Amino acid sequence: MSSESLLVYKTGGRYRTTPYKSDGGHCFCVAEDTMNGVLLTEFEEGGAIVNQTYKMSKDPESSLKEYLGAKDISIENTDTYNKVIYKSACQDCSGILVRELDLKEPRAISKVPVVPIFACTKCGKRFYSMTDRYLRKLVSENESLFEGEELEEKKKDIDAFINTLNEYIVRVFASKKIGRLR
């Protein structure tokens, strides 16, 4: 995100930016005034997660501005929030996939999943979204969660380490009958 002004649509406790250039593509960010702080989630235009961070703040506008490094943001109040919709349809019924947190009021959100979940608006099936880009960011920002041997493996071959983590994640979500979005 550059330091130019950015238009943000505010609906209740949710703030959604217009698309902006980021790492060669376009992204948008959603800031939510949750029960315990501000959740900032950055997405690629197709709905895949880029980053997610939680600030112990009660000021979504300042948190959003700081996160994006924006010089200025323009807030426009609106009655309708555009939910985050994933770029592909449900693999079972071809229904629309919406971010599960968008189905709750922001102030009712007390627990934030590390892995974003999308739900089909037609059949209700749930899917998780975990890109390699997001997983790499999680690993680099949370190295304290890993043991010495795991950190050595990461240092030796980051791609193999990420593949191993992806395999574990697939097993965990498969046991909960939650599919993976590609």
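Fifteen is a good number to start with: 15 residues line the largest pocket, and Val114, Val115, Met130, Leu138 and Ile169 lie nearest its centre. Keep in mind as you look around that this is a predicted model. The largest pocket holds about 310 Å³ of space, and its lining is made up of 13 nonpolar, 1 polar and 1 charged residues. Helix H2 (132-141) and helix H4 each supply at least two residues of that lining, with H4 giving the most, at 4 residues.

Let's turn from the pocket to the sheet. Here 4 strands form an open sheet in the order E8-E9-E10-E11, with mixed pairing. Strand E8 (97-99) and strand E11 (179-180) are the edge strands, each pairing on one side only. E8 runs antiparallel to strand E9 (residues 117-120), and 3 bridges join the two. For a landmark, find Val98, whose bridge partner in E9 is Ala119.

Helix H4 (residues 158-175) packs on this sheet, where it touches E9, strand E10 (126-128) and E11. The direction of H4 makes about 165° with that of E10.

H4 also has a helical partner. The axes of helix H3 (residues 148-156) and H4 come within 5 Å and cross at roughly 125°. That crossing falls between 115 and 145 degrees, so H3 and H4 count as oblique to each other. In the contact, Glu150, Glu153, Lys154 and Lys156 of H3 meet Ile158, Ala160, Phe161 and Thr164 of H4. By class, the contact of H3 with H4 comprises 3 nonpolar, 1 polar and 4 charged residues.

Notes
Residues are numbered from 1 along each chain as its sequence is written. This is a predicted model: local features need pLDDT of at least 70, side-chain atom pairs count only at pLDDT 80 or more; totals for chains, interfaces and linings use all residues. Side-chain values use heavy atoms; hydrogens and water are left out. Two strands pair if DSSP finds at least two bridges between them. Contact means heavy atoms within 4.5 Å. Axes are lines fitted to C-alpha atoms, for helices over the stretch in contact, and angles run from 0 to 180 degrees between N-to-C directions. Angles under 35 degrees count as roughly parallel, over 145 as roughly antiparallel, 65 to 115 as roughly perpendicular and the rest as oblique. Ala, Val, Leu, Ile, Met, Phe, Trp, Tyr, Cys and Pro count as nonpolar, Asp, Glu, Lys and Arg as charged, and the others, Gly among them, as polar. On a 1 Å grid over the protein atoms alone, a cavity is a set of points where a 1.4 Å probe fits but cannot get out, and a pocket is an open set with protein on both sides within 12 Å along at least five of seven lines; lining residues have an atom within 4 Å of a point. Grid points are joined across faces, edges and corners, and a volume is the space filled by probe spheres set on the points.
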